[in-house]
Amino acid sequence: MQEQERKTVRGRDLYEWIQSLVGSVLVVVAIFTFGIRMLGVDGHSMLNTLQHGDRLMVVNPIFYHDYKYGDIVILRKTGVFDNEPIVKRVIATGGQTVDIDFSEGVVYVDGEALEEDYIREPTYTAEGTEFPLTVPEGSIFVMGDNRNGSSDSRDYRLGTVDTRYVIGKAAFLLFPGLDYDTEKRNFSRIGVIW
């Protein structure tokens, strides 16, 4: 009789372990389906912050949708840039006014010059958008960190971006692409992008 009880206990333990494992897998699948995505950086518009081939963990707008200056977002706007997702930095949000002095390379938001230690070089390239520009409510103005090698909100085809086009906010660099200058992977870059 004792042997039968031990088999029953082991069976219950195995059943509970399998049940726990299945529950955990379902939670992970739900998180990666609805909360977090993995996306790759395609192109050089975010140099030196992000490199072509970087793999990012991106938080879904369901969990993060109050975008602010400095956030790196992934967006897709139908009919623009081959409908591919693009990675850019939020420069201004709804109600703010953006102005750019292309001769000096300085970006202004609400009359204040931005301190942009993350850019590759000053902003000298105009792409057709007229400034000053006030960002409509519910929209963002985005730019690449590689200012003179980026198509962004300065390009009239993209312009300001309705936040409904945002796929998510970059949260973590999972795997580095090859560095543009050295052509080597810099694994020390792995980490939080907040």
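In the predicted model, N146 is buried, with a relative accessible area of 9%. This residue is located in the loop that connects β9 to β10 (161-162). When neighbours within four places in sequence are set aside, the contacts of N146 are H44, S45, M46, L47, R120 and E121. D145 is likewise found in the loop between β9 and β10. With a relative accessible area of 0%, D145 falls under the 20% limit and is therefore classed as buried. Residues up to four places away in sequence not being counted, D145 touches S45, M46, L47, T49, R89, Y118, I119 and R120. S45 and D145 are 100 residues apart along the chain, and a distance of 6.4 Å separates their C-alpha atoms. S45, M46, L47 and R120 thus appear in the contact list of N146 and also in that of D145.

A loop residue in another setting is D66, which lies between β2 and β3. Its relative accessibility is 62%, over the 50% limit, and D66 therefore counts as exposed. The C-alpha atom of D66 is separated by 9.3 Å from that of T163, a residue 97 places away along the chain.

The protein chain as a whole contains one helix and twelve strands. Along the sequence these elements follow the pattern α-β-β-β-β-β-β-β-β-β-β-β-β. Of the 194 residues in the protein chain, 39% count as buried. Among contacts between residues at least 6 apart in sequence, 59% join residues that are at least 24 apart.

Strand β11 (residues 166-175) is mostly covered, seven of its ten residues being buried. Strand β2 (residues 55-59) pairs with β11 in the antiparallel sense over five bridges, and within this pairing V58 has A170 as its bridge partner. Strand β3 (residues 72-75) also runs antiparallel to β11, to which three bridges join it; here V73 stands opposite K169. A further antiparallel pairing, of two bridges, links β11 to strand β12 (residues 191-192). In that pairing, F172 is matched with V192 of β12.

Four other strands form an open sheet with antiparallel pairing, in the order β7-β6-β5-β8. Its edge strands, each pairing on one side only, are β7 (112-113) and β8 (133-134). Within this sheet, four bridges join β5 to β6, and the two strands run antiparallel. The bridge partner of V98 in β6 is V109.

The packing of nonpolar side chains was examined next. The largest nonpolar core comprises 15 residues, of which I91, V98, I100, V107, F131 and F141 touch the most other members. At least two residues of this core are supplied by each of β4 (86-93), β5 (97-101), β6 (106-109) and β9 (139-143). A second, separate core has 14 residues, including V59, V73, L75 and V142. V98 thus belongs to the largest core and bridges to V109 of β6, whereas V73 belongs to the second core and stands opposite K169 in β11.

The surroundings of I91 extend to several parts of the sequence. Apart from its neighbours within four places, I91 is in contact with Y69, V107, V109, L114, E116, Y118, F141, V142, M143 and R147. Among these contacts, V107 and F141 are also listed with I91 as core residues that touch the most other members. Another contact of I91 is V142, a residue of the second core. Y118 is in contact with I91 and is also touched by the buried loop residue D145.

Open space in the model was also considered. The largest pocket has a volume of about 240 Å³. Fifteen residues line this pocket, and the closest to its centre are D42, G43, S45, P85 and I86. By residue class, the lining divides into six nonpolar, six polar and three charged residues. S45 is thus among the residues closest to the pocket centre, and this residue is in contact with N146 as well as with D145.

Terms used: Residues numbered from 1 in each chain as written. Predicted model: local features only at pLDDT ≥ 70, side-chain atom pairs only at ≥ 80, totals over all residues. Heavy atoms only, no water. Core = buried A, V, L, I, M, F, W, Y, C linked by side-chain atoms within 4.5 Å. Buried < 20%, exposed > 50% of the residue type's maximum accessible area, 1.4 Å probe, protein only. Contact = heavy atoms within 4.5 Å. Pairing = 2+ DSSP bridges. 1 Å grid on protein atoms, 1.4 Å probe; cavity = no way out; pocket = protein on both sides within 12 Å on 5 of 7 lines; lining within 4 Å. Points joined across faces, edges and corners; volume = space filled by probe spheres on them. Nonpolar A, V, L, I, M, F, W, Y, C, P; charged D, E, K, R; others polar.
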